[in-house]
Amino acid sequence: MLLVTGGAGFIGANFVLDWVAQSDEAIINLDALTYAGNRENLASLEGNEQHNFVHGDIADTALVSALLAQHQPRAIINFAAESHVDRSIHGPEDFIQTNIVGTFKLLEATRAYWGSLKGDAKRNFRFLHVSTDEVYGSLSKDEPAFTETHQYQPNSPYSASKAASDHLVRAYHHTYGMPVLTTNCSNNYGPYHFPEKLIPLMIVNALAGKALPVYGDGQQIRDWLYVKDHCSAIRRVLAAGTVGEVYNVGGWNEKPNLEIVHTVCCILDELRGRADGKSYAEQISYVTDRPGHDRRYAIDASKLERELGWKPAETFETGIRKTVLWYLENQAWVANVLSGNYRDWVAKNYAERQA
Ligand code: NAD
Ligand code: DAU
């Protein structure tokens, strides 16, 4: 039995769906269903006894302790977080609450549970914390990619809150000997990605005939990984990672934002061309930059490849095509997401960016 937190969000839902497809082991999925959590991501698991959804908060110690006592999981995988940098700039408090306080409470409940285990159950237990490359800060153009020993220099309230959670996880190993693993991954993309993030926002806005808002000069670089490759890396680290170690996860796919937007437009031009025959690239609009915007992220994933034999299955070209196709084929999912409080966020974030 696994306890997964945040499994109704983008990466967590992909992880749960892949796990159930590949393993017989059951999952308890604890998710607070914030704006980013969506039961519809898990609709295909309705009635499947291998997946148990629990609506709740990682900071609810009584609930988490009861779940641990009842289900006796062999591992916890912590995806739950507030994850959007722009939202953390508008309002950091939820990020402090879930990413720092929530992770702390989860660690405390886990420490009590792990302490109660005996023999192999205790030895084999794992707490896997899912984190981000943003904790390492920003790279200049020629600096080498982040390794696991790169100094922490988080620049946004989001990345600072994730950095704090990483430090807590590390401390629970160092101080209490808790068997933790941490993964720091680069930018994910793929199915079920909430359209507040760059790639799904561009697909959704393009199809709706709306502006494609590029922050600043669009030359900021991110390192992209198809979400299912992130999930396979997490499975690999859970199965074979050395306790207390950190593993960077990335796809060696550094690209400037503007190139990403053009690639999305090109694929859409080919698969669902505009009625007027023009390219979706005509909709690109440069808007005011993100405050404190990190210029470049790049992940050196060689430790994970060398020590655990992990490699991504998708190239950026295959992954982005699959992603655009998924959005074209799942317009009902998109429509449902857009009908919620999503609109309030878009109005708030982009109103003040118009140059
Ligand atoms: P997401 O925002 O899509 O999903 C987060 C999920 O956590 C949602 O289902 C939400 O309801 C749930 N949640 C939020 N607060 C909670 C709480 N207090 N208790 C229980 N559940 C709660 O995020 P994502 O993009 O899927 O990211 C998942 C994890 O991976 C995060 O920890 C994030 O920092 C990390 N990460 C994301 C990326 C990326 O590119 N998206 C890359 C590297 C690491
Ligand atoms: O690097 C991993 C991180 O990637 C994760 O930890 C975060 O949870 C995840 O949200 C993501 O953070 P980014 O800030 O890199 O992702 P986002 O999709 O918000 O933005 C990607 C880049 O695109 C960034 O340079 C900002 C830019 N951008 C974004 C939006 C939403 C735009 O130019 N226009 C936009 O409208």
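Which residue in S11 does Arg 222 stand opposite? In this predicted model, the residue that faces Arg 222 across the pairing is Lys 255 in S11, and the two strands that meet there offer a convenient way into the structure. Strand S9, made of residues 221-226, pairs with S11 in the antiparallel sense, and three bridges join them.

These strands belong to an open sheet of three strands, whose order is S7-S9-S11 and whose pairing is mixed. At its edges lie S7 and strand S11 (254-256), each of which pairs on one side only. On average, and with direction ignored, neighbouring strands of this sheet are turned by 50 degrees against each other. Helix H9, which spans residues 257-271, lies across S9 and S11 and runs at about 85 degrees to S11.

From the sheet the reader can turn to ligand 1, since strand S7 (187-189) is one of the elements that supply at least two residues each to the shell around that ligand, the others being helix H1 (10-22), strand S5 (126-132) and helix H6 (157-176). The largest share comes from S5, which gives three residues. Altogether 28 residues surround ligand 1, and the closest are Ile 11, Asp 31, Ser 83, Tyr 158 and Lys 162. By class, this shell holds 13 nonpolar, 12 polar and three charged residues. The backbone takes part as well: an N or O atom in the backbone of Leu 33 lies 3.3 Å from an oxygen atom of ligand 1, a backbone N or O atom of Ile 58 lies 3.0 Å from a nitrogen atom of the ligand, and a polar backbone atom of Val 130 is 3.4 Å from one of its oxygen atoms. Taken alone, ligand 1 exposes 830 Å², of which the protein buries 96%.

Ligand 2 has 24 residues around it, and those that come nearest are Asp 133, Tyr 158, Arg 290, His 293 and Tyr 350. Here side chains supply polar atoms, for an oxygen atom of ligand 2 lies 2.7 Å from a polar side-chain atom of Thr 132, another such pair, with Tyr 158, has a distance of 2.6 Å, and an N or O atom in the side chain of Asn 257 is 2.8 Å from an oxygen atom of the ligand. On its own, ligand 2 has 690 Å² of accessible area, and the protein covers 95% of it. Helix H7 (198-207) and strand S8 (212-215) each supply at least two residues of this shell, with S8 giving the most, three residues. The shell around ligand 2 comprises 10 nonpolar, eight polar and six charged residues.

Note on methods. Residues numbered from 1 in each chain as written. Chains lettered and ligands numbered in written order. Predicted model: local features only at pLDDT ≥ 70, side-chain atom pairs only at ≥ 80, totals over all residues. Heavy atoms only, no water. Near = heavy atom within 4 Å. Polar contact = N/O pair within 3.5 Å; in protein donor to acceptor, adjacent residues only side chain to side chain. Areas by Shrake-Rupley, 256 points an atom, 1.4 Å probe, with all protein chains shown as cover. Helix = DSSP H or I, 4+ residues; strand = E, 2+ residues; numbered from the N terminus. Nonpolar A, V, L, I, M, F, W, Y, C, P; charged D, E, K, R; others polar. Pairing = 2+ DSSP bridges. Axes fitted to C-alpha atoms, helices over the stretch in contact; angles between N-to-C directions. Contact = heavy atoms within 4.5 Å.
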